[in-house]
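Reader: Could you walk me through the aromatic rings in this protein? I'd like to know what makes each label fit.

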Amino acid sequence: MHIVRFGVLGPLQATRDGRELLPSAPKHRIVLAALLLARGRPVRTDTLIEALWRDTPPPTAVKTVQKYVFMVRRALGDPGLIVSHGDGYEIRPAALDVQRFERLATESEAASTPELAAARMAEALALWRGDPYAELGDLPAANAERRRLEECRMTVLESLVGLRLELGQHATLIAQLERLVHEHPLRERLWEQLMTALYRSGRQGDALTAYHRLRAVLIEQLGVEPAPSVRRLYQRILDHDSSLSPAHGLARGNLPRRLTSFVGRTAELAELPELLARHRLVTLTGPGGSGKTRLAVELGDRIRARDGVWLVELEGVTAPGRVPGAVADALRLGEQHGRPMADVVADHLAERHALVLMDNCEHLSDAVARLVDRLLRAAPGLRVLATSRQPLGVEGELVLAVGPLPLPGDPADVGTCDAGRLLIERARSADPRFAVTGANAAGLAQICRRLDGMPLALELAAARLRAFDPAHLAGLLDDRFKVLISPLRTAPARHQTLRAAIAWSYDLLSPEERRLFRHLSIFEGGFTLEAAEQVHDRGDALALLPALIDKSLLVADRGLYGGSRYRMLETLRAYGRAQLTADEAHEAHRRHAACFTQFALRADRELHGTGGEPWVRRVDEDRDNLRAALTWSLDNGQIDQGLRLVGALGGYWSYRDLAREGQSWVRVALAAGERATPGPLAEALVADALLAVDQSEHEEGARLARRALELFGTLEDEVGAARAVLILGLASLYRGDYAQARPLLHRCLDDFTRLGLLGEQAQVLRRLGHLMRLQGAYGEARAYIGQARDLLNEAADTIGVAQTMWDLGVVRRYEGDYPAAARLCRESLAVFDQIGDASGVAHVRYTLGDIARIQGDAALARRLYEQSLATLHDQGDLRCVASTQHSLAALALAGSALAEAAELLTRSLRIRHRIGDRTGVAECLEGFAALSESAGEPLRAVRLLAAAQRIRVVTGATRPASDAATFAARTAALPALVGEAGFDEAWHAGYDPPEDQLVAELLTA
């Protein structure tokens, strides 16, 4: 169906394909006009009633409006065009002449030629056929919209006249302008245009008379003199000012020719024209070397404003009073009889549609702001694009930060991301033989990342690739300020070296701002305001920090997990550290390490309590700062502080599956801590023990926990002692010694309960539930986990509750209640996925994969297993990696893929045997038994099943419901295959030997 076109700029119109659809009844037309007046917004029924009857509606007004709307819908032939909307109606016209008028007016401002701009304006004005919304009479809303539209029409008309004057059509405009000043005697811009047209037509006297006519009207009607711009025009006419001559052949700008290609900034180049159409002043901000000038010039070259694009370069201007003169020089204006240059520039731009690029404004911000504000007020058609390291602070200014270029995700992306493309193109300009290879891609990517994707730094680095291999140059960037020097003699002074680019900004700071900048350079990655106040320690960080952001020396971010954070680009940070004296650096590092030690201790308390998930995320964000604090503490003899840090971070490293990284830090701290005080040493030993158990080093973890327990006993630290006992219990649990694990877990549960530590209680209850599940006591397992969930619910610990839902799902899976298991797992998965807990997501997917496999959906099971396995491998979770491999082997075996099943079982058994997971070893032996049976080796299957059964008897580990049924069926069927005597002999042969012997046979087969 073709669209309905509506017209309201005159008598109401509604047509489709040229056919009139307008309702015939006047009341119906009022309803349609009132709906169109809302421009797509809902119109209440009482508003329509007011439009129809003003203050005297009939009793049946509501029903009558409903009838009128129905009749309008029928006349338009499209029932869906007018929709009911609450207590009213709404119409969204696809084609409305008001919208077209406004669009044409906007397009005219961005037109590439004067002729095209004039055509757009004339087309817009031709849409007017009379008074807008005539059907609505003196309705207040209609009157307000008429006034707005009429002002828009007159503005476009004045712009069109001004444009035609610039094109030399002054003689043909005089009659029209005489009519317009008669109709609109108070619009001074029309009188200015009439005076100009008369003067250019050789009628100086008539032009002066027009001025006196205007003056008489204004004094008589308003009691005021003409505006200053009109009075200045009168004086220029008296003086026969040459600048009043028609602007034939007017220069269209002064942009420099580019000597190199422009790379990247696709989004900005697409966005900026629209921003400039809506905002008359746009300021590009960013640190030195971010490419603001190149972006502004590239945009100016593409926009081609009707009266030119003019670049005003302010780098060499040092005196604020010279700013108007610099603009006049760029516009090629000379002095005029001693008039202030600001007046000359304002008069010149008053009737023009030009784009002025004010480049490098930061050192003259106040003077530039005052001049730009004046010019924008004097010249309605003017647009200004400024580049500065801080906003100008002018009313109506839109600030757009120009950040680094996008970086390569990995070396393979270096030729396609903007930072890599710029580096490579400039390297080829310096050396045409330069090429990206598999050998140098990693070095190039590292250069891009180390230089933050900043264009100036990348261009300086590209010039050095003539002398250095990319990997070598990347290593030299530790001393980047000596390395990155421009070989170009014609480059601006601030772009000759990377140091000069940053020094330009640094030198503009106040002494207090410089001090804060230096201190903040100590941080690694981002930081919070609270951390900044502790490290700066001057009491003025809150007041000064916004100034560093405004001056593009600091970036304000929304934290990944909420809250405000701040960061420095690496190059700025390196410059700030270079400005620190040795004493100042030592003191700043000392405060930084103390700050993050306290942060880690608080995070540890929260993580051991309930509701600690937000603190996991906070530690995530400050991981680099914590590493720096650790490094400084250990390098500077602050051993107790280093031990406290690793002790506090042990729980975090465990939670985030960073056991290998954490253990390396702990071992370094312990090696340096032979003479440490007992408290910090014991805390570090607990962290070491926990991380050892996480990596299935059960005996080592137990040894470290016993040592920590002795120290805590000496210190009478009951909390520390209970945590050490918990690790002893976990070590026993994970190596399959369930008889020892249970009393240890109950012991620490009693201690945590007595001490009132709810978070620790919940974690021990979860472990007891895990133990009971492994031993087949499913009711007890659910009871323990339920107690944990109650504690976590009470504390509103969302992540803890999600973990217990998964625990219960695993219990239900073992019991064989697969619908309930799947429901619980999906609920927990939604929480893990929302908070970005990759480990939790992987574990739940593994469980859902088991459920899908048991229920016969092999494709879904494989997909879930493989997704889980990828994450578990990355995190080094060997226990779960082995479990997932075992489940994939079961899937392969069910599909008769015997070779694949054998390979997966071998991998799983190797891991489980190495980490001491005896229950896992039993599962693998049962898997090999099924494989042997499928391969026609029933006696070997009996032997393997017997060995698995012996392990389960010794450890007390039971099978899940599904596995128990399979095991019973298999053992019942085997005697018929091998005979009773053969079965008994093979069973005893498998049951008696040590499991290590059998495992070795399987792994070397």
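Author: Here is a short chat about ring pairs, burial and charges over rings. This is a predicted model, where local features need pLDDT of at least 70, side-chain atom pairs count only at pLDDT 80 or more, and totals for chains, interfaces and linings use all residues. Residues are numbered from 1 along each chain as its sequence is written, and side-chain values use heavy atoms, leaving out hydrogens and water.

Reader: How many aromatic pairs does a search of the whole structure find?

Author: The search finds 12. Rings of Phe, Tyr and Trp (its six-membered ring) pair if their centres lie within 6.5 Å; planes under 30 degrees apart count as stacked, over 60 as edge-to-face and the rest as tilted.

Reader: Why is the pair of Phe-523 and Phe-596 called edge-to-face?

Author: Their centres are 6.2 Å apart, and the planes make 80°, so with a limit of over 60 degrees the label is edge-to-face.

Reader: And what makes Phe-527 and Tyr-566 tilted?

Author: Their planes are 40° apart, at 6.1 Å centre to centre. Stacked needs under 30 degrees and edge-to-face over 60, so tilted is what's left.

Reader: How do you know whether Phe-527 is buried or exposed?

Author: Buried means under 20% relative accessible area, exposed over 50%, partly exposed in between (1.4 Å probe, protein chains only). Phe-527 has 1%, so it's buried. Tyr-566, at 12%, counts as buried too.

Reader: What makes Arg-773 lie over the face of Tyr-814?

Author: A charge sits over a ring if NZ of Lys or CZ of Arg is within 6 Å of the ring centre and within 35 degrees of the ring normal. Arg-773 is at 4.6 Å from the ring centre and lies over the face.
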